[in-house]
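Visitor: I'm new to this. Could you show me how to read a structure like this one?

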Amino acid sequence: MTQLRDPNVVAAVSRREFYQRVMGLGGIALGSLLARESSGAVPAPHFPPKAKHIIFLHMSGGPSHVDLFDPKPALNKFDGQSAPAELVEGIEFGFITGKESLMGSPYNFAKHGRCGMDFSEQVPQLASMADELTMIRSMVTDEFNHANAQLLLSTGFRRVGRPGMGAWLTYGLGTENADLPGFIALFTGDKPTNAGNALWSSGFLPTVHQGVTFQGGREAVPNLNNPPGITSAQRADTIATIAKLNLAHLADVGDPEVATRISQYELAFRMQTSVPDLMNIAQETPDTLALYGADPAKPSFANNCLLARRLVERGVRMVQVFLGGWDAHQQIYDSMPMLCRQMDRPVAALIGDLKQRGLLEQTLVVWAGEFGRTPMVQNVSPDGMTNAMGRDHHKDAFTVLVAGGGFKRGHVHGETDDLGCRVVRDPVHVHDLQATLLHQLGINHKQLTYRYQGRDFRLTDVHGQVIKELLT
Amino acid sequence: MQSSTLGWNRSATRFCRSTERTSMRAISLILLLVAQGANAAGPDFSREVRPIISQRCFKCHGPDEQMGGLRLDQRESATLPADSDSVAIVPGKPEASELLRRVTSHDVDEAMPPGESGSVPLAPKQVETLRAWIAAGAEYKEHWAYVKPTKSPVPPGTKAIDHFVRAELAKLKLQPSPPASLETLCRRLHLDLIGLPPSPNDVDAFVDAGNRDRQSAINALADHLLASPRFGEKWARHWLDLARYGDSAGYQHDDDMPLWIYRDWVIQAFNADMPFDQFTVEQIAGDLLPNASLQQRIATGFHRGATVTLGADQNVDELRAQLIWDRVNTVGTTWLATSLECAQCHTHKFDPISITEYYRIYAYFNRTVPDITKEAGSHYFITGGVLEVTDDETRMQRVRELKSAMIAEIDTMKKVKVQLKEAPLRRIVFGPPASREPERVYYYLTDELKGPGPKELQPNIAKLRRLGRELMDTLPPRALVLEEDPQPPVTHVLLRGNIRTPGEEVLPGTLSVLHPLPTDAPSNRLGLAQWLASRDNPLTSRVMVNRWWAELFGTGLVTTPEDFGLQGEFPSHPELLDWLAVEFMDHAWSVKHIVKQLVLSETYQQSSAFTPELLARDPQNRLLARGPRHRLDAELLRDNALTIAGLLQHELGGKPAFATTADATKATAMFVWRRGIYVRQQRGNPYTTFASLDAPDRFACTARRPRTNTPLQALALLNEPIFNEAAIALAKRTVSESSTEEFASRLARMFRLCTARAPKADEQAMLAELFEKTTRDGASEVDAWRLIANVLLNLDETLTKE
């Protein structure tokens, strides 16, 4: 079958083609000019990084930790009884009052791997990766609304307007592939986000750092395809002619911005080749496709996980992969097996594939929802259905998984109480997770700042500490 | 209209602890007094010293925190012993000043700023500045932006702008650039004043007139363009960035928000040259003016641009607080160029603004009816302050008929005995009265009800849908405005910006570091409006002329148009900024007067070409030794391409337009080729082309757009439907409008439409080569012209105001 085409070769070919057209038409040496970049100093990490890339798998809606990763026999034992008042006192819920009955998980848990990590039967493939994972059972967040909690997780702040983590990373570390944006978002599932593009916004940073959404289907990047009636040869000719005219004009006006524009049009042309090549997962071997459960003909979370690997392979700094549908206010045991079938195999495949290619050590793979779900049942659904059998939003305890990038292998961090309601040992706040991820990428989260409206802003706002216990 | 209140903090425990430490006004007086004894020999406090201590020290030793008992933002406290008994600043004695010892110390426990907060030590040059300043007497001066501007004298017969700019150039031995060509100037004036390029005929007429008398031709063209209705369409755009104007509510459901009537109000206000003080008062508090007109009420739509988080599980009190915070912060940035939001949670770390003062301004806005009402379950509706804008009584009669017919139909439905499984139907039949309101019923039945519903009710549902459709088509346009609550809630300081920790109760009031409230100012938003628009306000007029300046020159005289506080940049030409600020107020706050002064200056009319010397010495053109040259804003790139192509639709105002043809149907096609300012602002899902060209998503007040240069922009300008349609139309226009088939004359016309000048011989040769190659490869003549049009529409020169 087709061997994976080296992305750098693809880029080099299109670059050469571009030069040939320019040379062929006018014989102007653009090389030195095009090498010029509009940005000033090349950004660099604060200290030698453990990892270079991050794939952030965002399970939008908030998966239930007590049904997947945090086994609670006591919850089953007291199933149907009211939660103790002192346990739920002061907790903010979305819909329920807190007086609802406890609801045990119907799923069996078992220990996996040499490390003996507990997983629910719903995630057998992930369980097979136990020895690669750090499982943080003691995550806490401040927000119990989807949009706010997602913003906090992605941008470090509960409201819109701050840069996403990937924007901070390309701002702080630069890009490794001039043919692709450094921060890319991919989606699947029902309501993949509640906060929309605010999650991968550049906020107050220059817009060049904004995350770019790659869609499935005809056009992965907006306006990538030539309009009907324009062939790619014609497009190459137009861009070459624009470059020549701009170059002549540059001699008159002397504005370095003209030189930048020439190089950005050239990059646009190269992206017209590199992006379709990147998106073409049919280039993968049948074995790889099967490993992920990916099907080139049908957009899926599995395809996106495979794409995420192809993106980091090409030097993209951060890929955010959203899978919606976890907001189970009703019939949680109908939706959960369906979602786990979509999620389990591709995530395990991604970790295994990265490892096999030697990329896992330099890539952080994070699996996280914006919060967890209540140990108590939600009886009335948001639209009034009774006997709903759901779980409500829960910000005071949830589980996050991290693989690669110098995080410990086969390690469980923190602990919740017997009912999975509150963290009782080693809490990790969202800002702590962000500080720790940045640390692995060679960034001191307190020093990566941007002056805006008279203040130095940073991803972790004024909070966060690196949790050294998570790291090798 | 809803008029119930949210019970905001009414039952909350009252804390009477005063958080105000010192009167800020007293501090500024002290600063002013000591400034008079300043020693001219030392470094300038405002320009050189304050930026260092403000950025590096005030966070822990400033208005909010005084760690170790040290406060450095006032001379009085900085020269007294701190907790350690050492004195930070001993005027005249750097060697005895603890401040210098600490910033030069290598002992980790003593060095300042402390290493653990991620700070790096002061640069040696900064230490020397502090040393020299202390040696010279360590005098403080009041922050420049808080002192009322005055006009410095200008020699007779000189234009003030050119006088101040050339004085700076002379100091640095730089020469101004030669005047721009008449063609370039014609295009520059058109793009700057009306945001549209000139036609070749416009250029010819201006060049003719200019060759006879350059100055009077420029004067006449400026007057002509300032009087054009297109002026408001161009100049309203940046105001709408500040007003975070959008056509949808924001994230989550991103529902429609009827604000476009306010957008048109702004355009009309700029066209009518409404005095800026009136423009201010009407937007802040038009509803509170005596006998407020419909237009004055519509003006308060400024505040309704605040974003709303309509979540399934959102706390209504928190939503209300979010909206008011946004209003306070937006007013702060827009009129005062001050980032008040720091004081939302704690006293400002840098600027002299306390948390109590923040909530005094908040109190002005905590007196309106709720914007949002919540219904059982997960449904929120935008209500409160909704105006129906019509005087057509027949139309309103039909609205009432339709509504009663729908209510009657719902009553019929209630009598049908059937088991209801569908939530939308249950809400209509069993829900509270609010959920039987006809517009909501229509929404439930069209947007929410999946499937046909129970057989017994299908005729009722069909009838309700039919009536509802007609109701939607008959309802007059709506405008969102502010409306006072007759029983406003009490306002408390919200400690740490948290609605669950209310502090002391506060009454409406303003910032003590600035001018006092006018004595007769009412204790409501009208009082705040009068305070903002007062001649005594040192900020408003400076902030505004700086914005108009940036619209023309690309960058403000103050490069931080959003921040005139201690952390903001010092103006490049302070006397010029102040002269313009006073001139603005002296000429009845006329925006057009100021804009005309700017474009009539020789500084504006210079050539914008770089010389190697200017590129090396002043790449950002802060010294203004050349004219402005920068890429057009997102909306203007669209307007420019559509005008060149002859496609632009010119109706003034109206409903939001579709971004591209793909979004419209045949029936709504006329809403596509409209100016960028009319393109629908779907905040949760913005028009990608505009977003890639640096247009903000309008979630929050934006005072300054970045100006980036990216491959996504190139892809949009090459391939996006609007720009593709423009290239095709330009090609057709070139072929059909020309009387000759000669390549050179067709090309010249196309080139002039794009750049306002004729192509040079080498440019013509490059384009001829492309044309010949394309036709040789088998393309038709029109298709070859399309490619040429695509090239010309993407020239840097076409995309740039030169």
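**Where the chains meet**

Guide: Sure, and keep in mind that this is a predicted model. Let's begin with the meeting of the chains: 64 residues of chain B are in contact with 61 residues of chain A.

Visitor: Which elements of chain B give two or more residues to the side that touches chain A?

Guide: Those are helix H18 (423–430), helix H28 (711–719), helix H31 (761–776), H32 and helix H33 (796–799) of chain B. You can also sort the residues on that side of chain B by character: 23 are nonpolar, 26 polar and 15 charged.

Visitor: How do I read two helices that meet, like helix H9 of chain A and helix H32 of chain B?

Guide: Ask for a distance and an angle. The axes of H9 (residues 232–253) of chain A and H32 (residues 781–793) of chain B come within 9 Å, and they cross at roughly 45°. Because of that angle, H9(A) counts as oblique to H32(B). There's a handedness to read as well: H9(A) passes H32(B) in a right-handed crossing.

Visitor: Which residues make the contact?

Guide: From H9(A) come Gln234(A), Thr238(A), Thr241(A) and Ile242(A), while H32(B) brings Leu787(B), Asn790(B) and Val791(B). In this contact of H9(A) with H32(B), three residues are nonpolar, four are polar and none is charged.

Visitor: And what about the inside?

Guide: Here's the general idea: in soluble globular proteins, nonpolar side chains tend to be buried together. In this model, the largest nonpolar core has 311 residues, and Val366(A) and Ile788(B) touch the most other members. Leaving aside neighbours within four places in sequence, Ile788(B) is in contact with Leu747(B), Met750(B), Leu767(B), Leu770(B) and Phe771(B). A second, separate core of 22 residues includes Phe45(B), Ile89(B), Leu99(B) and Tyr140(B).

Visitor: How many residues does chain A have, and what percentage of them is buried?

Guide: Chain A has 472 residues, and 57% of them are buried. Its secondary structure comes to 14 helices and 17 strands. Of the contacts in chain A with a separation of 6 or more, 76% are between residues 24 or more positions apart.

Visitor: Let's try a single residue. Is Ala136(B) buried, or is it partly exposed?

Guide: Count the neighbours. Ala136(B) has 18 other C-beta atoms within 10 Å, so this residue is partly exposed. You'll find Ala136(B) in the loop between helix H6 (124–135) and helix H7 (160–171) of chain B.

Visitor: How far is Ala136(B) from Ala716(B)?

Guide: They are 580 residues apart in sequence and 57 Å apart in space, C-alpha to C-alpha.

Conventions: Residues numbered from 1 in each chain as written. Chains lettered and ligands numbered in written order. Predicted model: local features only at pLDDT ≥ 70, side-chain atom pairs only at ≥ 80, totals over all residues. Axes fitted to C-alpha atoms, helices over the stretch in contact; angles between N-to-C directions. Helix = DSSP H or I, 4+ residues; strand = E, 2+ residues; numbered from the N terminus. Parallel < 35°, antiparallel > 145°, perpendicular 65-115°, else oblique. Left-handed = near helix turned anticlockwise from the far one by under 90°. Contact = placed C-beta atoms within 7 Å. Nonpolar A, V, L, I, M, F, W, Y, C, P; charged D, E, K, R; others polar. Buried ≥ 20, exposed ≤ 12 C-beta atoms within 10 Å, placed from the backbone. Core = buried A, V, L, I, M, F, W, Y, C linked by C-beta atoms within 7 Å.
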